[in-house]
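Here's an informal walk through a protein model. Have a look at it first, and then we'll go through its parts one by one.

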Amino acid sequence: MHLVAARTRMLELLGPATAPERSPRALGVDEFAFRKGRTYGTLLVKADRAVDVLPDRTSETFAACLRERADEETAGISEAPTLMQLPLHQLPRTQILERTCQRHADVHKLVAAGWTISAIARRLNLDRKTVRRFRDTDLDQLLASAHERRPAGVLEPFKPYLNT
């Protein structure tokens with residue numbers, strides 16, 4: 001591709017190699033003698049406990065132990081979990097939410113008819129910025145911001161006092 005890039009930049013693009021989540025972060029390897037001068041083994045240590053003892057100290061045995069261990073751990077990992085369908089969250093129908101839905105519908109009906117923002121603002125007795133916000137913003141976002149402005153049940157603690 002005839003691109004010029006430094007080797008450190010190429011290594012940054014590659015990123016670190018990914019390992020299974022359950023694999024040990026650090027694995028210690030040590031040799032020991034079953035019988036001094038005759039038979040040697042290899043000890044694999046994970047943090048502070050022994051993971052495995054190998055029968056000899058050859059690199060082939062060590063590589064086979066690692067492959068076997070990786071196969072065991074990846075076999076335990078199941079396929080992607082099935083997604084569960086959750087019910088959609090419904091906002092309580094309050095006066096401000098009803099008014100927001102109605103204004104959004106009115107603004108979009110007049111925009112579709114070709115009205116200008118100023119004409120819509122005069123017709124609906126709204127500010128031009130408000131008309132522009134209703135035109136450009138999705139209804140769900142408008143409803144969420146309207147719900148946050150005036151949470152449902154704000155008078156609930158004071159109703160007994162107001163009734164008396």
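## A hairpin, and helices that cross

Let's start with one pair of residues: Asp30 sits across from Leu43, which belongs to strand E2. The pair is part of a bigger arrangement, in which strand E1 (residues 27-35) and strand E2 (residues 39-46) run antiparallel and are joined over 8 bridges. Together E1 and E2 make a hairpin, with 3 residues between the two strands. In that turn you'll find Gly37, whose phi is positive, at about 80°.

Before going further, keep in mind that this is a predicted model. The protein has 7 helices and 3 strands. Follow the sequence along and you get the pattern α-β-β-β-α-α-α-α-α-α. There are 164 residues in the protein, and 14% of them count as buried. The protein exposes about 14000 Å², with 54% of that coming from carbon and sulfur atoms. As for contacts with a separation of 6 or more, 30% of them are between residues 24 or more positions apart.

Now for the helices. Which residues of helix H4 are buried? In H4 (residues 117-124), they are Ile117, Ala119, Ile120 and Ala121. Their cover includes helix H3 (95-112) and helix H5 (128-136). Just after H4 comes Asn125, which has a positive phi, near 55°.

H5 packs against both of those helices, and here is how the two pairings look:

| Helix pair | Axis distance | Angle |
|---|---|---|
| H3 and H5 | within 9 Å | roughly 85° |
| H4 and H5 | 9 Å | about 110° |

Take H3 and H5 to begin with. Their axes cross at roughly 85°, and angles of 65 to 115 degrees count as roughly perpendicular, so that is the label for H3 and H5. On the H3 side, the contact is made by Thr100, Arg103, His104, Val107, His108 and Val111, while H5 brings Val131, Phe134 and Arg135. Sorted by class, this contact of H3 with H5 has 4 nonpolar, 3 polar and 2 charged residues.

Next come H4 and H5, which pack at an angle of about 110°. That makes H4 roughly perpendicular to H5 as well. Here H4 supplies Ile117, Ser118, Ile120 and Ala121, and H5 supplies Arg128, Val131, Arg132 and Arg135. In the contact of H4 with H5, the residues split into 4 nonpolar, 1 polar and 3 charged.

Two residues of H3 deserve a closer look. One is His104, which has its place in helix H3. Is His104 buried or exposed? With a relative accessible area of 14%, His104 is buried, because the cut-off for buried is under 20%. Leaving aside residues up to four places away in sequence, His104 touches Phe134, Thr137, Asp138, Leu139 and Leu142.

The other is Val111, also placed in helix H3. Its relative accessible area is 32%, so Val111 is partly exposed. Which residues does Val111 touch, not counting residues up to four places away in sequence? They are Ile120 and Arg135. Val111 and Arg135 are 24 residues apart along the chain, and their C-alpha atoms are separated by 7.7 Å. Ile120, for its part, is one of the buried residues of H4, and Arg135 is among the H5 residues that make the contact with H3.

How values were computed
Residues are numbered from 1 along each chain as its sequence is written. This is a predicted model: local features need pLDDT of at least 70, side-chain atom pairs count only at pLDDT 80 or more; totals for chains, interfaces and linings use all residues. Side-chain values use heavy atoms; hydrogens and water are left out. Buried means under 20% relative accessible area, exposed over 50%, partly exposed in between (1.4 Å probe, protein chains only). Helices (H or I, at least four residues) and strands (E, at least two) are DSSP runs, numbered from the N terminus. Contact means heavy atoms within 4.5 Å. Two strands pair if DSSP finds at least two bridges between them. Accessible areas come from the Shrake-Rupley method with a 1.4 Å probe; for residues, only the protein chains shown count as cover. Axes are lines fitted to C-alpha atoms, for helices over the stretch in contact, and angles run from 0 to 180 degrees between N-to-C directions. Angles under 35 degrees count as roughly parallel, over 145 as roughly antiparallel, 65 to 115 as roughly perpendicular and the rest as oblique. Ala, Val, Leu, Ile, Met, Phe, Trp, Tyr, Cys and Pro count as nonpolar, Asp, Glu, Lys and Arg as charged, and the others, Gly among them, as polar.
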